Amino acid sequence: MSPSFERIISLETRLMMEEKMSKGLKRMLLVLNCTMLGLGNVGGPLISRLYFLKGGKGVWISSCLETAGWPFMTLPLTISYLYRRRKDGPGTKVVFMKPPLFVASVVLGLLTGIDDFLYAYGVARLPISTSALIISTQLAFTAAFAFLLVKPKFTPFTINSIFLLTLGAVVLALHTSSDRPANESKLRYFMGFFMTLGASALYGFVLPAIELTYKKANQTVTYSLVMEMQMVMSFSATVFCCIGMIFHGDFKAIPREASEYELGQATYYVVLVLNAMLWQMFFMGAVGVIFSASSLLSGVIIAALLPVTESLAVLFYHEKFQVEKGVALVLSLWGSLNYLYGEFEENKKMEKQNQDLETEIN
């Protein structure tokens, strides 16, 4: 079979798949998921830090809240089912997920639970302006693991962005002691730094692993299936963190923390609920962007919103913004812009190739 003929068959297959979801709908889903990812990515860390700043001490509690919002997923799933039922009749499937995909989602959920704990420990020990800069290295980890798992095409722009983001983390690591909170020991501060870096690396693996799961699924991947997977992942992560809370005695500590919380008992529970909602938006947005585009775009959005998180942390929590943070921020932005420009150029090439192939088919 000639390479040209293989390319034509490949395009025909892709066009048949795209018929199931129009370009307009997929673009709308991409915008919706980018919005959810953006709100969760900016609001989640700020609310998590607020919990610790005003008297919260439970690292396991904070990690559990990152995925405890999984029941919110029942609403869009129910709406999706009712819409399909009205269209297809009483025989409509309630659940799309097959056993292999369920097992994969549970494993990914457990990894997410570990990541939640690593991240929550870092947020408890570090200023948000520092932890956000460390998390920006996730794009580099995502790109590296994506190369190993889903084999995307790497351009000079991608490689340059990875280098710049890594360099930004190194600059921070060399000047970590300058922003250590007064009530944190040097050991706990460094533990927070490296736990956050570990969280960045682990989630950098989870994102392309989700993309690989979509590609290897022996069934059509629809947005309803993506929501089902996210619900199973969040539930699995929450169970993992709840077990940690049980062993640490955190369930008993919640009423005591609420009564002693600096902003009041009612505000304490509002903070917990907001935590769960914002982080669920983050995770749903992340997997939705992977479904609509790629794991690398998800990583880019997380890194690109860094200045917003930085600015709000300085504004609301009066955190210090030293020279090394400024250097790391510039390097992170430079790296993210490099990647975005490279993707823009690559998409222009792909569109031209698709037009040529469609001409060949016609």
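What share of the 362 residues of the chain count as buried?

## The chain as a whole

In this predicted model, 51% of the 362 residues of the chain count as buried. The chain has 15 helices and 0 strands, and the surface that it exposes comes to about 17,800 Å², of which carbon and sulfur atoms supply 69%.

The contacts also tell us how parts of the sequence are brought together. Among those contacts that join residues at least 6 apart in sequence, 85% are between residues at least 24 apart.

## Two nonpolar cores

The largest nonpolar core holds 67 residues, and the members that touch the most others are Ile210, Tyr214, Tyr223 and Met284. Helix α12, which covers residues 265-292, gives the most to this core, with 13 residues. If neighbours within four places in sequence are left aside, Ile210 is in contact with Leu108, Met233, Val287 and Ile290. There is also a second, separate core of 11 residues, which includes Ala143, Ala146, Val300 and Tyr339.

## Buried residues and their partners

Tyr203 is found in helix α9, which runs over residues 186-216, and at 4% relative accessibility Tyr203 counts as buried. Apart from neighbours within four places in sequence, Tyr203 is in contact with Asp115, Gln138, Phe282, Phe283 and Ala286. One of these partners, Asp115, is 88 residues away from Tyr203 along the chain, yet the C-alpha atoms of the two are separated by 6.6 Å.

Leu225, found in helix α10, is likewise buried, with a relative accessible area of 0%. When residues up to four places away in sequence are not counted, Leu225 touches Phe96, Met97, Leu101, Gln219 and Thr220. Leu225 and Tyr214 are 11 residues apart along the chain, and their C-alpha atoms are separated by 9.7 Å.

## An enclosed helix and a residue that touches it

Why can helix α6 be called largely enclosed by the rest of the structure? The reason is that 8 of the 8 residues of this helix, residues 128-135, are buried. The buried residues of α6 are Ile128, Ser129, Thr130, Ser131, Ala132, Leu133, Ile134 and Ile135.

Thr309, which lies in helix α14 (residues 306-317), is buried with a relative accessible area of 4%. Not counting residues up to four places away in sequence, Thr309 touches Asn41, Val42, Leu46, Ile128 and Ala132, and both Ile128 and Ala132 are among the buried residues of α6.

## A partly exposed phenylalanine

Phe145 has its place in helix α7, which spans residues 138-149. Is Phe145 buried, partly exposed or exposed? At 26% relative accessibility, Phe145 counts as partly exposed, because the range for this class lies between the 20% under which a residue is buried and the 50% over which a residue is exposed.

Once neighbours within four places in sequence are set aside, Phe145 is in contact with Val150, Ala201, Gly204, Phe205 and Pro208. Phe145 and Val206 are 61 residues apart along the chain, while their C-alpha atoms are separated by 8.8 Å.

## A nonpolar patch on the surface

Nonpolar side chains are also found on the outside of the model, where Phe235, Val239, Ile243, Ile246, Phe247 and Phe251 form a nonpolar patch with about 640 Å² of accessible area together. Helix α10, residues 223-248, provides the largest share of this patch, with 5 residues. Phe247 is found in helix α10, and this residue counts as exposed, at 74% relative accessibility.

One general point about helices may help when the patch is looked at in the structure. An α-helix has 3.6 residues a turn, so residues three or four places apart point the same way.

## Cysteines without a disulfide

How many disulfides does the chain have? The count comes to 0 disulfides. Cys64 is in no disulfide, and the nearest cysteine sulfur, that of Cys242, is 3.7 Å away. Since a disulfide needs a pair of sulfur atoms within 2.5 Å, the 3.7 Å between the sulfurs of Cys64 and Cys242 does not meet the cut-off. Cys64 is buried, with a relative accessible area of 7%.

Cys241 is in no disulfide either, and the nearest cysteine sulfur to that of Cys241 belongs to Cys64, 5.6 Å away. Cys241, too, counts as buried, at 0% relative accessibility.

Definitions and conventions
Residues numbered from 1 in each chain as written. Predicted model: local features only at pLDDT ≥ 70, side-chain atom pairs only at ≥ 80, totals over all residues. Heavy atoms only, no water. Core = buried A, V, L, I, M, F, W, Y, C linked by side-chain atoms within 4.5 Å. Buried < 20%, exposed > 50% of the residue type's maximum accessible area, 1.4 Å probe, protein only. Helix = DSSP H or I, 4+ residues; strand = E, 2+ residues; numbered from the N terminus. Contact = heavy atoms within 4.5 Å. Patch = residues over 30% accessible without salt bridge, like charges linked within 9 Å, V, L, I, M, F, W, Y side chains within 5 Å. Areas by Shrake-Rupley, 256 points an atom, 1.4 Å probe, with all protein chains shown as cover. Salt bridge = Lys/Arg side-chain N within 4 Å of Asp/Glu carboxyl O.
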